[in-house]
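Subject: Structure handover

Hello,

Here is the structure for you to look over. Please open it before you read on.

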Amino acid sequence: MNLEKSLDTIPIFRQVGAVADQMEMETYLVGGYVRDLLLNRPSKDIDFVCIGDGIRLARAVSESLEEKAPVSVFKNFGTAMIKVGDWEVEFVGARKESYQSHSRKPQVESGSLQEDQERRDFTINTLGIAVNQGNFGELVDPFDGVKDLKRKIIRTPSDPDITFSDDPLRMMRAIRFASQLKFDIAPDTFDGIISNASRLSIISGERIIDELNKIIMTDKPSYGFKLLFVSGLLAEFFPEMVALQGVDSVGDKSHKDNFYHTLQVLDNVAARTDSLWLRWAAIMHDIAKPATKRFNQKVGWTFHGHEDKGARMTPGIFRRLKLPMDERMKYVQKLVKLHLRPIALVNDKVTDAALRRLLFEAGDDIEDLMQLCRADVTSKNDHKVKRFLANFDKVDKKLQEVEAKDQLRNFQPPVSGDEIMAIFDLKPSRVVGDLKEEIKEAILEGQIQNNKSEALELMYRLAAKKGIEKKTNY
Ligand code: CTP
């Protein structure tokens with residue numbers, strides 16, 4: 001690859017080089033941008049390291065730009081950032097750094113380029129490309145990063161114990177890069193993760209979940225989760241998922257391993273959608289199986305109520321993992337709760353009322369629920385898989401028929417509480433709620449149609465039975 005030519009596609013590299021020349025500062029493009037350039041992947045951030053004061057260089061570069069860009073200075077980190085078009089361009093002076101074991105606060109001293117490269121996380125992220133006029137486009141690769149890119153290996157440039165204790169989040173990053181790039185982790189680097197796994201406890205939940213979500217968004221998230229599990233990291237922040245692993249047997253009766261089943265469901269969902277929250281629903285759908293597991297001599301292993309208990313566990317897990325507690329959590333919770341319902345609708349004798357109820361409860365998420373259910377079919381027996389999927393096609397069809405007839409997906413009560421209070425001159429009270437509920441039930445049961453005139457008629461009949469009288473002037 002002609003690096004000089006590749007860099008010339010964006011003017012910022014020559015521009016920074018020219019300013020650095022004037023300041024007589026050696027300057028290099030480093031980190032993710034170089035890695036992604038060599039891998040032919042898109043990149044979002046541009047990082048420069050200079051031998052000298054990075055903040056001064058950033059200010060001078062900003063001055064030199066036609067359209068002045070403000071410089072954001074992060075004094076604690078000794079870095080500065082300028083936004084150039086869509087690019088975030090970051091500057092830092094080369095440094096050697098050592099962290100103290102009890103805190104994340106680094107002691108920073110300026111250093112050489114090689115010292116700076118050595119304190120970075122992985123060899124594939126240590127690569128530098130010179131941007132000064134004299135050596136523009138020259139690759140600096142003291143840790144064989146290019147070789148590791150070719151061999152598809154994640155490896156720390158120094159002793160893994162040092163790299164990981166400097167910043168334990170790097171253990172998550174190793175697995176995230178392995179998942180995103182479809183790389184292996186070098187054996188000594190992986191051993192380093194195993195022996196330092198407990199150090200993840202000093203990392204904030206926000207930083208951990210950021211990496212986890214990136215792993216979940218990869219093409220085959222099961223790969224990352226297996227690495228998280230085997231390394232011991234998963235147990236550090238998501239013990240409920242670790243508890244899914246394992247098979248119990250009594251006599252000749254055993255159940256499937258719910259951890260590997262969950263990963264298969266997750267991969268199945270990932271093959272069809274980029275939705276992070278549908279992927280989270282896959283991760284959570286059987287989370288309460290360990291807590292609800294029972295053995296019964298006649299039927300073998302059961303997990304009765306795991307969908308309800310799983311839905312109840314969802315807010316606690318989301319809160320602890322620093323996931324959002326808003327409608328995204330509610331969506332995951334709803335899919336967990338409903339994930340067995342479509343299967344129950346396969347039977348030919350299923351009533352329209354049962355279909356209406358599911359449509360009412362799932363609302364606009366009914367398609368996602370059906371996707372989750374299809375992904376949940378993980379039998380190794382092709383014949384069985386075909387049969388189950390064909391059954392879901394039948395359920396889909398029935399749901400569509402009922403939806404076309406009754407439009408229950410985003411059910412709005414045809415008579416509102418305010419109307420009921422006005423018609424009967426009632427204050428907000430239990431009886432208003434009861435009337436509304438009885439009308440809704442009658443619609444779901446198919447006793448009346450989902451429209452205003454039938455709802456009003458029923459309301460008057462119900463009110464009369466309860467001895468409630470209409471307001472005279474209404
Ligand atoms: N880095 C590091 N240790 C970390 C985070 C970052 O050594 N915990 C270094 C790596 O050299 C990395 C660079 O800082 O390449 C920039 O970090 P970042 O922007 O977080 O990652 P990228 O490598 O750019 O990758 P991505 O944008 O995919 O996160």
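Below is what was found, going from the whole chain to the ligand site.

Keep in mind that this is a predicted model.

Overall shape

The protein chain has 25 helices and 15 strands. Its radius of gyration is 30 Å, whereas a compact globule of 474 residues would come in near 23 Å. Along the principal axes, the C-alpha atoms of the protein chain fill a box of roughly 90 × 70 × 45 Å.

Domains

The domain assignment of the protein chain gives two entries: domain 1 covers 3-144 and domain 2 covers 417-465. Their C-alpha centres are 68 Å apart.

A separate annotation comes from UniProt. An unreviewed entry there places "domain: HD/PDEase" at residues 254-382. In the model, residues 254-382 are 63% helix and 5% strand. The end C-alpha atoms of that stretch lie 21 Å apart.

Ligand site

There are 14 residues around the ligand. Arg 35, Lys 44, Asp 121, Asp 167 and Arg 170 come nearest. What is the make-up of the shell by class? Charged residues number 10, polar residues 3 and nonpolar residues 1.

Two helices are worth displaying here. Helix H3 (32-39) and helix H8 (169-181) each supply at least two residues of the shell. H8 gives the largest share, with 4 residues.

Three side-chain contacts to check on screen:

- Asp 167: an N or O atom of the side chain is 2.8 Å from a nitrogen atom of the ligand.
- Arg 120: a polar side-chain atom sits 3.0 Å from an oxygen atom of the ligand.
- Arg 176: an N or O atom of the side chain is 3.0 Å from an oxygen atom of the ligand.

How much of the ligand does the protein cover? On its own, the ligand has 560 Å² of accessible area, and the protein covers 78% of it.

In brief

For a first view, show the ligand with H3 and H8, since both feature in its shell. Then add Asp 167, whose side chain makes the 2.8 Å approach to a ligand nitrogen. After that, zoom out to domain 1 and domain 2, with their C-alpha centres 68 Å apart. Finish on residues 254-382, the stretch that carries the UniProt annotation.

Best wishes

Note on methods:
Residues numbered from 1 in each chain as written. Predicted model: local features only at pLDDT ≥ 70, side-chain atom pairs only at ≥ 80, totals over all residues. Heavy atoms only, no water. Domains from an automatic or database assignment. UniProt positions renumbered as here; feature names shortened; annotations may be inferred. Near = heavy atom within 4 Å. Polar contact = N/O pair within 3.5 Å; in protein donor to acceptor, adjacent residues only side chain to side chain. Areas by Shrake-Rupley, 256 points an atom, 1.4 Å probe, with all protein chains shown as cover. Nonpolar A, V, L, I, M, F, W, Y, C, P; charged D, E, K, R; others polar. Rg over C-alpha atoms; globule rule 2.2 N^0.38 Å.
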